[in-house]
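This report goes through the empty spaces, charged contacts and backbone features of one protein model.

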Amino acid sequence: MKVPFVSFKPMEAELDTALRGAFHRVYTASWYIEGKEDEAFEKAFAEYCTSKYCVGVGNGLDALMLALKALGIGQGDEVIVPSDTYIATALAVTYVGATPVFVEPDIRTYNIAPELIEAKITDKTKAIMPVHLYGQPCDMDPIMAIAKKYHLFVVEDCAQAHGATYKGRRIGSFGDAAGFSFYPGKNLGALGDAGATVTNDKALADKVRALGNYGSDYKYHHIYQGNNSRLDEMQAAFLAAKLPHLDKMNEERRRIAKCYLDGITNPDVILPFVPDYAVPVWHIFAVRTQKRDALADYLADKGISTNKHYPIPMHMQDCYRELNIPQGALPVAEEISATELSLPMFYGMTDEQIEFVISSVNSFK
């Protein structure tokens, strides 16, 4: 049996009429940038996140970068980020001229450990960027308390966690701003690159919008040295077609995750831990094992595709050599990078596929 790591086909088949209708609507209108589709999606997604404002941008990295830029963070500043995440989190900090400061995660949840943050705060620290990694919410109460104590901004990286909740409240609604990615593989994915910055601050939303539109507040008038990063009408229409189905699709991911959690019993495999405060959306189902590569090869031989998130820690990437962080300095991030394996997880997995993954993992020696 073949089990892909991810497949869009079941979801796209279910939404085929709506997606084709979205395309036809935009194509017929002949309006492709900053139009009614973008406006409608922004309003709907802000309401979904229980936030006041949403600004569509070109991708998830820009959503974070423009938020930092709008908050005035730049050269000489520091931003606290988790040591284990996708590199876009750190790149957003770098792109505004600031320095990412890595804080280790909780080995159980893979999210930044709040109790380790204060030790990394200096007089240069301006913000904390918690990442709701793999679709699991961070422990936001202590993070927000630390931010308040030290007068720091909080920018949530929600790229993998559309719809996840912390103590009953949607992520993306806690910080000064939040960045979402709508890369096709996300739980809410466009049919190309797209992203959004969400906030409850109108002035901040207006500044993000201007910064993403060449620094312009109105045509040919430029108040900032901005970027070109806007959510185009076609992707906005596709996202608007998918958004009403997101909760149902997330619930199906939770069902698959429960099957995995209940069914995988191999003692060599460490399953994800879910705290009481979290309702994850399982963008990634991440297990860990000291035999990671052997398990990946074993599953591949059976026709099961897997992935590794992320095999090289950020501080060991060539692009961050300048930070002079030696191997061994961030042992938790290095341990996760060496042992994490992501199992297939997508809307539309069949029960046969789920059971085949479970039995195959359990039969691995």
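The text below takes pockets and cavities, then a surface patch, then salt bridges, then unusual backbone geometry. The model is predicted.

**Pockets**

The largest pocket has a volume of about 620 Å³. Its lining is made up of 29 residues, and Tyr-86, Gln-160, Tyr-183, Lys-186 and His-283 are those nearest the centre. By class, this lining holds 15 nonpolar, 10 polar and 4 charged residues. Two helices, helix 4 (60-70) and helix 5 (88-95), each contribute at least two residues to the lining of the largest pocket.

The second largest pocket contains about 210 Å³ of space. It is lined by 14 residues, with Glu-42, Lys-52, Tyr-53, Cys-54 and Arg-209 closest to its centre. Which elements each supply at least two residues of that lining? They are helix 3 (36-48), strand 1 (53-57) and helix 7 (202-211). Helix 3 gives the most, with 5 residues. The lining of the second largest pocket divides into 5 nonpolar, 1 polar and 8 charged residues.

**Cavities**

The structure holds 3 cavities of 30 Å³ or more. The largest cavity has a volume of about 150 Å³. Of its 14 lining residues, Met-11, Lys-186, Asn-187, Arg-253 and Tyr-347 lie closest to the centre. The classes in this lining are 7 nonpolar, 4 polar and 3 charged. Lys-186 is thus named twice: among the residues nearest the centre of the largest pocket, and among those closest to the centre of the largest cavity.

The linings of these three spaces are set out below.

| Space | Volume | Nonpolar residues | Polar residues | Charged residues |
|---|---|---|---|---|
| Largest pocket | about 620 Å³ | 15 | 10 | 4 |
| Second largest pocket | about 210 Å³ | 5 | 1 | 8 |
| Largest cavity | about 150 Å³ | 7 | 4 | 3 |

**A nonpolar surface patch**

On the surface, Phe-23, Tyr-27, Tyr-32 and Ile-33 form a nonpolar patch, and together they have about 400 Å² of accessible area. One of these residues, Ile-33, sits in the loop between helix 2 (16-29) and helix 3. Ile-33 counts as partly exposed because its relative accessibility is 35%, a value that lies between the limits of 20% for buried and 50% for exposed.

**Salt bridges**

A search of the whole structure finds 20 salt bridges. Three pairs are described here, followed by a network.

Lys-167 and Asp-141 form a salt bridge in which the closest N and O atoms are 2.6 Å apart. This pair links distant parts of the chain, 26 residues apart: Lys-167 is in the loop between strand 6 (165-166) and strand 7 (169-170), while Asp-141 is in helix 6 (residues 140-150). Are the two partners buried or exposed? Lys-167 is exposed, with a relative accessible area of 53%, whereas Asp-141 is partly exposed at 38%.

Asp-293 forms a salt bridge with Arg-292, with 2.9 Å between the closest N and O atoms. Asp-293 is partly exposed, at 43% relative accessibility. Arg-292, by contrast, counts as buried because its relative accessibility is 7%, and buried means under 20%.

The network consists of Glu-252, Arg-255 and Asp-351, which are joined by salt bridges that share partners.

In the remaining pair, the side chains of Asp-106 and Arg-108 meet in a salt bridge of 3.1 Å, N to O. Arg-108 is partly exposed, with a relative accessibility of 45%.

**Backbone geometry**

The peptide bond from His-309 to Tyr-310 is cis, with omega near 0°. Tyr-310 belongs to the loop between helix 10 (292-301) and helix 11 (331-339).

Two further tyrosines have a positive phi. Tyr-134 is not a glycine, yet its phi is about 65°. Tyr-134 is placed in the loop between strand 4 (125-128) and helix 6. Tyr-220, also a residue other than glycine, has a positive phi near 65°. Its position is the loop between strand 10 (216-218) and strand 11 (221-222).

Where these two tyrosines part is in their accessibility. Tyr-134 is buried, with a relative accessible area of 4%. Tyr-220 counts as exposed because its relative accessibility is 71%, and exposed means over 50%.

Terms used:
Residues are numbered from 1 along each chain as its sequence is written. This is a predicted model: local features need pLDDT of at least 70, side-chain atom pairs count only at pLDDT 80 or more; totals for chains, interfaces and linings use all residues. Side-chain values use heavy atoms; hydrogens and water are left out. On a 1 Å grid over the protein atoms alone, a cavity is a set of points where a 1.4 Å probe fits but cannot get out, and a pocket is an open set with protein on both sides within 12 Å along at least five of seven lines; lining residues have an atom within 4 Å of a point. Grid points are joined across faces, edges and corners, and a volume is the space filled by probe spheres set on the points. Helices (H or I, at least four residues) and strands (E, at least two) are DSSP runs, numbered from the N terminus. Ala, Val, Leu, Ile, Met, Phe, Trp, Tyr, Cys and Pro count as nonpolar, Asp, Glu, Lys and Arg as charged, and the others, Gly among them, as polar. Patches are made of residues with over 30% relative accessible area and no salt bridge: like charges are joined within 9 Å, nonpolar side chains (Val, Leu, Ile, Met, Phe, Trp, Tyr) within 5 Å. Accessible areas come from the Shrake-Rupley method with a 1.4 Å probe; for residues, only the protein chains shown count as cover. A salt bridge is a side-chain nitrogen of Lys or Arg within 4 Å of a carboxyl oxygen of Asp or Glu. Buried means under 20% relative accessible area, exposed over 50%, partly exposed in between (1.4 Å probe, protein chains only).
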